[in-house]
Each structure stands twice: as C-alpha cells, then as structure tokens.
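Please examine the sequence and the structure shown below. The paragraphs that follow lead through selected helices, strands and charged pairs.

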Amino acid sequence: MIKYRLSSFMLMAGLAFSALPQKPSPNVVFILVDDYGWKDVSYNGSPYYETPNIDKLASESMVFNNGYAAAAISSPTRCSIMTGKYPARLNITDWIPGYQYGLTGKQTSQYKLLVPKININMPLEEETVAEALKENGYQTCFVGKWHCCEDSLYYPQYQGFDRNIGGWMKGNPNGDQKEGNAYFTPYHNPYLPDGPKGEFLTDRLGNEAVNWIKTHKDNKFFMYLSFYAVHTPIQPKPEKALIFKDKAHKMGIDTLKAFSKNFPWLNDCPNPRNHWKERTVQSDPDYAALISSMDENVGKVIDYLKESGLYDNTIICFLSDNGGLSTAEGSPTCNYPLRGGKGWLYEGGIRVPFLIRIPYLNNVGKTCTTPVISTDFYPTILSACGLKLKPEQHMDGVDLMPLLKGGKIDRTSLFWHYPQYGGKGDSPASAVRDGDWKLIEFYENGKCELYNLKKDISESNDLSSKNPDKVLRLKNELHNWIKNVGAKLPTPNPYYSVVPVDTLKINADIKNQKFEGWGVSISWWANDLGKRFTEKELSPMVDWMTNPKELNMNIFRYNIGGGESPNHKMHMRLDAQVPGYKNGRDSAYDWNSDAAQRKILLMIKKNCPNAVFEAASYSPPYWMTISGCTSGTPDGSDNIRNDCFGDFAKYLADCVEHYKKKYNVTFKTISPVNEPYSNWWKEGGKQEGCAFNQANQEKIIKTLYQELKNRDMLKYTSISAMDANSIDECMNGVLKYEKDSVLQYISQINTHSYAGTKRAELGEFAKSHNIRLWQSESGPLNYTEKGLDNYLIMAERMAVDLNVMRPNSWCDWQYYGGGYDGVWSLVGFDKNKKIFVKNKGYYCHKQFMNFINPGYTIIDSNHDNVLAAISPDGERLVVVAVNRNNKNSLFNFDVKSLNEEFVPVEMYRTSADENCERILRDFSDDSSFNLILKSKSVTTIVFNKK
C-alpha cells in the first residue's frame with residue numbers, strides 16, 4: 001500500500017528551492033465544497049446567500065470565472081483533483097457506487113439505455129497529488145468528505161494522507177437524518193468521533209483543520225479540507241436558518257413562486273419522476289444557512305493562517321465538486337443564469353466557483369476568462385510549490401501558473417463524459433468546450449446541441465442547425481477524445497419500454513380482500529382543533545369525513561395519550577402533546593383531560609353510528625417510562641419500566657372500558673405499541689413515542705390480553721399489533737410473533753406503509769394465518785413535493801397498498817393541517833375567510849373513498865396503480881386509475897375479462913384544474929374502450945352490469 005517514491009525526495013526538494021521567486025516551500029490549503037453552485041457565492045451575484053469570507057478570499061485570489069468541475073457529479077470530480085486525470089480515463093463517471101449500481105436492465109426498464117459499470121474505488125496505482133507532495137517532505141491531512149471509493153482500503157490514509165479526519169465511503173452527512181440532525185453529532189462516522197451534544201459538522205471540520213495546522217505549522221503542509229456541506233439533506237443550525245428566513249421575508253422573496261415544472265427537460269421526459277422540479281429563485285433559508293456556516297469555517301481557517309503568520313506563505317485553492325442542486329432532491333438552489341444543475345452537462349451542472357491564491361504572485365483580485373478544469377489543480381500545485389511536474393500522472397491537467405502570472409496556456413478544449421442517469425432529470429451525454437463554443441451530445445436520441453457561451457451563458461439558443469460544420473468538427477473532436485481516453489459508452493436497454501400505453505385487464509374471477517373501509521387517525525389534529533373550535537364550527541369538516549357523498553370514512557383511530565410530566569420542560573409539538581388520564585400508579589383518573597380529541601370522537605360517532613374505532617397508544621404514561629419522558633429515552637432504546645407492564649395493560653383496559661360505559665364507544669381493537677422498532681423516539685422529541693424490542697412487544701401483548709380476558713372484555717375488544725413504521729419491519733416482526741406463538745393473542749396485524757417492499761409477503765402471511773390486516777397509517781414521509789404532486793404520491797400508494805399488500809382497510813395519518821395546500825392534510829383552514837377548506841389531497845382521496853365502499857371486494861387488475869373493486873351484490877364495478885406522469889397515458893380498458901359484462905356509465909377526475917368532477921362522455925355499450933388518462937390525475941370510472 002506504500003506508494004511514495006522516497007528515492008526522489010532530495011531531487012524534488014532541491015528543485016523546490018530553485019523555482020520560487022520568494023519563499024521556497026509554501027504550504028497548500030485546498031478547500032472543496034460539496035454541490036456548491038457557481039451562483040451560490042456573493043461575488044458571482046447571489047443577492048440572498050452570504051459568503052463574506054469566500055468573497056474576501058476571491059478579492060485576494062485569481063478568480064477563474066470559466067472554471068469547471070470535471071464532472072457534474074461528486075466522486076468523478078474528486079478523483080480528477082486527486083489524480084489530474086479525466087474521470088472517463090479512470091472509468092469513474094458516476095458518484096460511487098452509482099445511481100443504478102447493482103441493477104439489471106430489467107430492473108431499469110424505464111431507461112432507454114444501459115449505463116456502463118464504473119470503478120468503485122480510485123485505484124491505488126494512481127499517484128495522488130497528496131503522495132506527490134508527501135514525497136517532497138510535506139505533512140498531509142485530509143478533513144471531511146472523501147467519497148472516492150467504496151472499500152475502506154482506498155480511504156485517504158492509503159492515498160497519501162498522514163491523517164484522515166472524517167473521510168470514508170459516505171457522500172453525505174450521516175447524522176440522524178430522520179430527526180433533522182444529519183449535520184449534527186452523533187456523526188455515525190468511523191473517522192470522526194462524536195462531539196458534544198449540539199455540535200455542528202461543518203464547525204467540527206473547520207476546527208479539525210485549524211487544530212491540525214496548529215500542530216504542523218512549523219513544517220510545510222498540505223491541508224485538504226473537504227466540507228460535506230452543502231449536500232443534502234439540507235439540515236442547518238436552526239438559529240441560523242431563522243436569520244435567513246427573516247432575510248427572505250424582508251427581501252420579499254418568500255412570497256415568490258420558488259419552483260416550476262414547466263421546463264422542456266421535464267415536459268419532454270418519457271418517464272418523469274415526481275420529485276423533479278426546478279428552482280427558479282434563491283430563497284431557501286435552510287440552504288442559505290448551510291452556506292453561511294460553511295463560509296464561516298472557511299474564514300476560520302484563513303483567520304488562523306493570518307494570525308499565525310502562515311498566510312503569506314500558503315497557497316489556497318477553492319472549488320466545488322459540481323454545480324448546484326436545482327432540479328431534484330428538493331431543488332434547494334437556483335443556478336440562473338446558468339442552465340440545469342447537478343447531474344447535467346449544461347453550465348449549471350459543471351461551472352463552479354474556482355479560486356487560486358498564490359501568495360508570492362501579484363494576482364490579487366484578478367479575473368481570468370480562460371476555461372480551466374479541476375484536473376488542472378494537480379500540476380498547478382506542484383508548479384506553484386516549485387516541484388517537478390509528473391505529466392505521466394496528471395496527463396489531463398494543465399499547469400495554470402502561466403495564467404496566474406498573466407500569460408496564456410496551451411490548451412484549446414475541455415471535455416466531459418457522463419454516460420449515466422443521475423436521477424435528476426438528466427440523461428447520458430458527453431460534452432466538449434472549444435473556446436467560446438460548447439457542444440453536448442445526448443446518447444438517448446443522438447441529438448447534438450451547440451452553444452456560444454460568450455454570447456449565451458444560459459445555453460438558451462441552440463445553434464446546431466445554423467452551424468452544421470462546427471457541429472461536425474466538435475463532434476469528431478469529442479469522439480476522438482472518447483476513444484483516446486478509453487471512455488465507456490451506454491448501450492441500448494433491451495428491456496426498455498414506455499409505460500403509459502397499455503391494456504388494462506380487470507379480472508373479477510380473482511377476488512382478493514373484502515374491504516372494511518377507509519380511515520384516519522384522529523390524534524393530533526383533533527387534539528388541536530377540539531381546543532380552538534366549537535362543535536358548530538367543526539361540524540362541516542367532520543361531516544366531510546363521514547358523509548357517504550364525500551369521503552365516507554368509517555374507521556377512526558383514537559390516541560390514548562401518555563401525557564407529559566408536569567415537571568418536564570415543554571418540548572413537544574402542541575398538537576402532538578396528547579394529554580394522559582393518570583399521573584401516577586395511585587392517582588385517580590382525570591377523564592376530562594382529553595376533552596379536545598374526545599369532542600371530535602363523539603361528533604364522529606354521532607354522524608356515523610356504525611363507525612369502527614380503534615384505540616392506539618404511542619407511549620405509556622410518563623410515570624411508567626424509564627426516562628420520565630413520553631418522547632423516549634436519550635438513546636432511543638426501550639422506555640417502559642420493567643415493573644410497569646401490568647400498569648400499562650391496566651391503563652389501556654381502563655380507558656377502553658371507560659369509553660364503552662360512559663359514551664357507548666366500543667373500541668374494536670387496541671394497539672398497545674406504535675412504530676416500536678424505530679430509533680427516533682428520544683427524550684426531548686417533538687411527539688410521543690416509545691421503542692419496544694421484540695421481547696417487550698410480546699410481553700405487553702400477552703399482559704394486555706390477560707387483562708382483557710380477566711375483565712371479560714375480549715368479547716368486544718381485541719389486540720392489534722404492531723403498527724410498525726415500514727412494511728418490511730412489520731413483516732420481520734410478525735415472523736417472530738409466529739415463531740414465539742404470539743399470533744394467538746392478536747386479532748389484527750397493523751402496519752404503516754411509509755416505506756418497505758414486502759407488501760406481497762405481508763399480505764400472504766396475513767391471509768395464510770387467517771388474520772385481519774390493516775394499513776393503519778401512511779403519509780408522504782421523506783417527500784418534498786407539495787400540492788397535487790404530493791397527493792398523487794399518496795393516491796398511487798393507496799392503489800399499490802390495496803392491490804399488492806391487500807389490507808382490509810386503508811388509513812391516513814393526518815386529516816387536517818394548518819395550510820389548505822399543505823403536505824400531509826386533506827383539509828386546511830383559510831384564515832382570511834375563517835372557514836375550513838378542502839385541498840387537492842381531499843379530492844384525490846375522494847376519487848377512491850366516495851366510490852369504493854365498505855363491503856366491496858377488491859378484484860384483480862394487471863396494473864398496481866389501478867384499483868378495481870366490485871359491490872357486494874355484483875352489480876357495480878369501480879376502477880380508479882392514477883397517472884403521476886407529466887404526459888397523458890393511453891389505456892385500453894378491457895372489461896370483457898370479467899365473467900359478467902359491464903358497461904361504463906360515469907367518470908370522475910381530479911387534476912390540476914378539476915376536483916373530483918364528473919367528466920361528460922358518451923360511453924358506448926361496448927365493454928372495451930380506449931381512455932386517455934390525463935397527465936397528473938386520478939380518474940374514477942363507474943361500471944354497471946349490462
């Protein structure tokens with residue numbers, strides 16, 4: 001593994017002293033920022049982001065305003081910096097291990113091309129710039145994000161760095177993402193020990209860099225500081241985000257429409273992803289806050305160099321590994337006037353902030369317009385340090401010292417090769433820039449686009465048709481380069497198919513589950529609204545839930561609260577802090593404590609006498625917990641005291657019994673645990689939650705069963721479990737229930753469908769054991785879409801869950817949310833009109849709920865996103881189809897496959913401009929007909945028996 005050429009050390013050192021005009025052995029600090037756009041710095045004109053330290057560095061450096069990353073994605077550029085070679089020459093042309101790593105052509109049938117396999121480790125045979133400096137006596141340190149390999153044998157310490165702080169296989173901050181703490185300790189990084197509570201990753205990396213420099217300031221050194229910022233997830237310091245939220249408000253940009261889906265790249269894509277959208281204005285306060293923290297730590301390093309007297313003998317390089325993320329993953333930044341973003345070979349994906357400060361050269365505040373690229377750093381650093389170049393290694397890099405001295409370099413063209421799909425709307429392509437001209441060749445359709453960047457930095461005017469000779473010349477130049485570097489090309493995917501055009505077959509001979517109904521939890525939103533509104537004010541929105549002409553819900557999950565300790569500092573969301581009924585083992589019950597949620601429960605019962613109720617607990621009462629806090633333990637472990645299982649079972653049974661006796665509300669089932677395998681139930685959290693390991697789950701189930709049996713309550717109430725967060729967790733859990741003979745104590749399996757792939761397996765398990773299965777909670781977790789796009793995700797999930805997993809019911813989590821075009825809610829409140837308002841989610845749900853009623857049987861269809869159901873008397877057939885694509889889809893509805901003939905009689909649709917509206921159509925008597933499913937819509941067709 002030791003690759004240093006020590007025999008040449010004295011020769012290299014001697015050359016160092018002869019080459020520099022001033023101090024012979026300058027230090028080198030290389031600063032790399034992740035996913036940082038060209039327009040994300042103030043000195044390039046960002047009016048919102050604040051980068052005073054980077055701007056100051058720019059004023060003391062040469063700014064290369066045509067500076068490029070060697071790739072539009074992370075790992076390839078990082079390897080190009082270390083090796084001085086184009087990523088195509090290394091066969092590292094995607095982030096490691098890659099967007100389609102390990103998938104077959106059949107698994108990627110939505111893509112027209114098969115992408116080439118890449119090297120997933122930067123070869124040890126490459127002599128890195130760190131090794132070149134180390135062999136010349138430099139102390140070397142790597143701090144931050146590495147992402148140049150998958151195997152730990154290729155980490156920084158094996159690639160020329162004496163010290164590795166934080167560099168490993170991961171390309172993103174690895175803190176507790178689900179809790180919004182990706183950038184905070186604990187870091188879950190084997191090369192970065194956790195810091196004190198609240199420590200921020202970017203600050204930690206800045207401190208580590210300064211501390212290492214302090215230790216090695218008497219030696220010449222190479223510090224490579226590679227921030228994880230501003231990579232997703234965008235989770236900054238909350239207090240800093242508030243500053244930029246206020247700034248956005250003062251600038252008025254918080255009222256501007258931040259995103260658009262009206263772009264050719266999205267509209268013309270045959271298989272668009274729902275999370276694709278392009279940001280049109282820099283206005284995200286969280287992203288701005290991440291940038292600000294990164295800038296502060298750039299300043300921290302520079303300030304120390306100045307304080308210690310090292311600044312005037314330190315070369316500083318500053319770069320981003322690719323352009324700003326503007327078209328996917330929440331699209332946190334806008335790259336305008338550049339086109340595209342991360343993953344694209346348009347300027348927005350590859351043009352980046354590019355600074356070099358040579359202390360002994362008079363290039364302070366100068367700008368260079370010559371195109372340069374990240375491979376150039378290797379030879380430039382060697383040259384600036386007075387060391388002999390290594391052209392056999394950095395063969396694609398050019399020494400930029402002539403430019404830094406005011407001269408020219410001998411190179412005409414730059415090249416990019418990205419034969420991958422990056423999941424951001426991009427597609428496989430290669431590009432060449434020759435002078436002011438840039439050509440991009442797209443491999444899906446063979447199209448070439450030509451731009452004059454001097455006149456058209458936004459690449460808005462494709463000149464290919466007007467300049468065929470130039471297209472041919474540049475295309476030949478690009479192809480020759482591809483051949484010379486041995487670049488691999490994508491190949492046709494034999495499994496490729498365009499999804500939208502197909503025949504839909506409905507088969508009533510295959511009868512699946514009998515459907516018990518639609519439902520929702522009444523927990524948080526009822527706890528909130530019940531306190532703020534009267535029954536009269538609440539009446540319309542409660543009616544919408546239960547009215548057969550509206551959502552027709554009939555299943556409701558009531559939250560038996562654990563309550564929070566009166567001595568505990570308030571930390572939960574106000575709506576999520578559901579009161580408990582009892583404050584100690586010997587305390588009396590306070591049955592008035594949950595009046596708000598109960599108010600709505602009783603309104604539901606009045607509206608819907610046949611409603612099915614389930615009682616659900618998210619945590620035992622605080623006095624039964626280990627931590628004394630109903631949001632969890634400090635480390636997310638189990639939080640019920642060993643001596644309180646009997647108390648907890650008694651508490652749940654007492655509550656259920658009270659509601660039956662006092663209000664004639666029968667809870668058909670009790671769910672004693674909620675998301676028990678999850679590790680986010682921690683002390684000080686925003687909501688109630690309690691982890692239960694397998695043994696403790698089974699213990700409370702058995703204890704509660706015995707309590708119900710002793711009271712003769714099993715005749716009307718039974719146990720459901722385990723309300724796991726994902727389908728896969730539920731599947732693994734019930735297999736253990738089966739092994740441990742626990743299934744006999746429960747009448748119903750509950751699962752949430754936020755995530756998971758084992759739908760079919762779980763459904764088959766429940767069927768084979770003759771046990772009822774409920775999808776008891778779901779929502780758009782980990783999705784950033786809003787409005788119609790968000791609700792189409794949920795509409796598709798409803799269809800897929802019911803078709804593949806085949807639960808007997810399907811329940812939402814939140815019915816009401818504060819905004820009436822929010823993310824989780826179906827109903828909101830218009831503060832101006834002071835009325836409750838239905839949103840797009842309401843109408844998307846209504847497409848299912850209003851037409852497929854309790855007692856219907858789900859029948860077979862050959863498309864998971866098309867749900868079909870038949871009425872108990874067999875006279876009515878309902879088909880609900882979800883089309884999330886940006887394009888219309890043509891379906892031929894073949895209902896002749898039914899053993900009875902049906903004819904379509906009514907059609908309803910929800911889309912951007914329709915709200916479950918009846919579509920007038922003159923249906924013929926033919927039982928097979930063509931139907932265009934409108935883009936981004938849910939369509940319901942009602943058939944009657946002929």
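Just after helix H3, Gly-84 adopts a positive phi of about 75°. The model in which this residue appears is a predicted one. The helix that ends before Gly-84 is a suitable starting point for a tour of the structure.

Helix H3 comprises residues 74-83. Ten of the ten residues of H3 are buried, so the helix is largely enclosed by the rest of the structure. The buried residues are Ser-74, Ser-75, Pro-76, Thr-77, Arg-78, Cys-79, Ser-80, Ile-81, Met-82 and Thr-83. Their cover includes strands S1, S7 and S10, together with helix H4 (87-90), helix H5 (129-134) and helix H11 (377-384).

One residue of H3, Arg-78, forms a salt bridge with Asp-34, with the closest N and O atoms 3.5 Å apart. Asp-34 is located in the loop between S1 and H2, whereas Arg-78 belongs to H3, so this pair ties together parts that are 44 residues apart in sequence. Both partners, Asp-34 and Arg-78, are buried.

The loop that holds Asp-34 leads back to strand S1. Seven of the seven residues of S1 (residues 27-33) are buried, so the strand, like H3, is largely enclosed by the rest of the structure. From S1, Asn-27, Val-29, Ile-31 and Val-33 point one way, while Val-28, Phe-30 and Leu-32 point the other way; the residues of both sets are buried.

Strand S1 has a pairing partner in strand S10 (residues 314-320), to which seven bridges join it in the parallel sense. Within this pairing, Phe-30 is opposite Cys-317, and Ile-31 is opposite Phe-318. Strand S7 (residues 221-226) also runs parallel to S1 and is joined to it by five bridges. There the bridge partner of Ile-31 is Leu-225. Ile-31 thus has a partner in S10 and another in S7.

These pairings belong to a wider arrangement. The sheet is open and has eight strands in the order S6-S5-S7-S1-S10-S11-S2-S12, with mixed pairing. Its edges are strand S6 (163-165) and strand S12 (366-368), each of which pairs on one side only. From one strand to the next, the twist averages 15°.

Helices also pack on this sheet. Helix H6 (residues 201-215) touches strand S5 (139-144), S6 and S7, and its direction makes about 175° with that of S7. Helix H2 (residues 52-59) lies across strand S2 (62-64), S10 and strand S11 (354-357), and runs at about 55° to S11.

Helix H13 (residues 468-485) offers another case for study. With 18 residues, H13 reaches 26 Å from its first C-alpha to its last, close to the 26 Å expected at 1.5 Å a residue. The buried residues in H13 are Val-471, Leu-474, Glu-477, Leu-478, Trp-481, Ile-482 and Val-485. They cover an arc of only 135° around the axis, which puts them on the same side of H13. An α-helix has 3.6 residues a turn, so residues three or four places apart point the same way. The face of H13 turned away from the buried side carries the exposed residues Pro-468, Asp-469, Lys-483 and Asn-484.

What do the buried residues of H13 pack against? Their contacts are with H4, strand S14 (413-418), strand S15 (429-434), strand S16 (437-442) and strand S17 (448-452). H4 is also part of the cover of the buried residues of H3. After H13 comes Gly-486, whose phi is positive, near 70°.

The salt bridges of the model come to 53. Their settings can be illustrated with two further pairs. Lys-447 forms a salt bridge with Glu-449, the closest N and O atoms being 3.6 Å apart. Lys-447 is partly exposed, with a relative accessible area of 39%, whereas Glu-449 is buried at 7%. Lys-715 forms a salt bridge with Asp-712, with 3.2 Å between the closest N and O atoms. Lys-715 counts as exposed because its relative accessibility is 65%, and Asp-712 counts as partly exposed at 46%. Salt bridges also link Lys-650, Asp-654, Glu-657, Lys-661, Glu-707 and Arg-711 in a network.

Key
Residues are numbered from 1 along each chain as its sequence is written. This is a predicted model: local features need pLDDT of at least 70, side-chain atom pairs count only at pLDDT 80 or more; totals for chains, interfaces and linings use all residues. Side-chain values use heavy atoms; hydrogens and water are left out. Buried means under 20% relative accessible area, exposed over 50%, partly exposed in between (1.4 Å probe, protein chains only). Helices (H or I, at least four residues) and strands (E, at least two) are DSSP runs, numbered from the N terminus. Two strands pair if DSSP finds at least two bridges between them. Axes are lines fitted to C-alpha atoms, for helices over the stretch in contact, and angles run from 0 to 180 degrees between N-to-C directions. Contact means heavy atoms within 4.5 Å. A salt bridge is a side-chain nitrogen of Lys or Arg within 4 Å of a carboxyl oxygen of Asp or Glu. The expected span of a helix is 1.5 Å times one less than its number of residues. The arc is that of the directions from the helix axis to the C-beta atoms.
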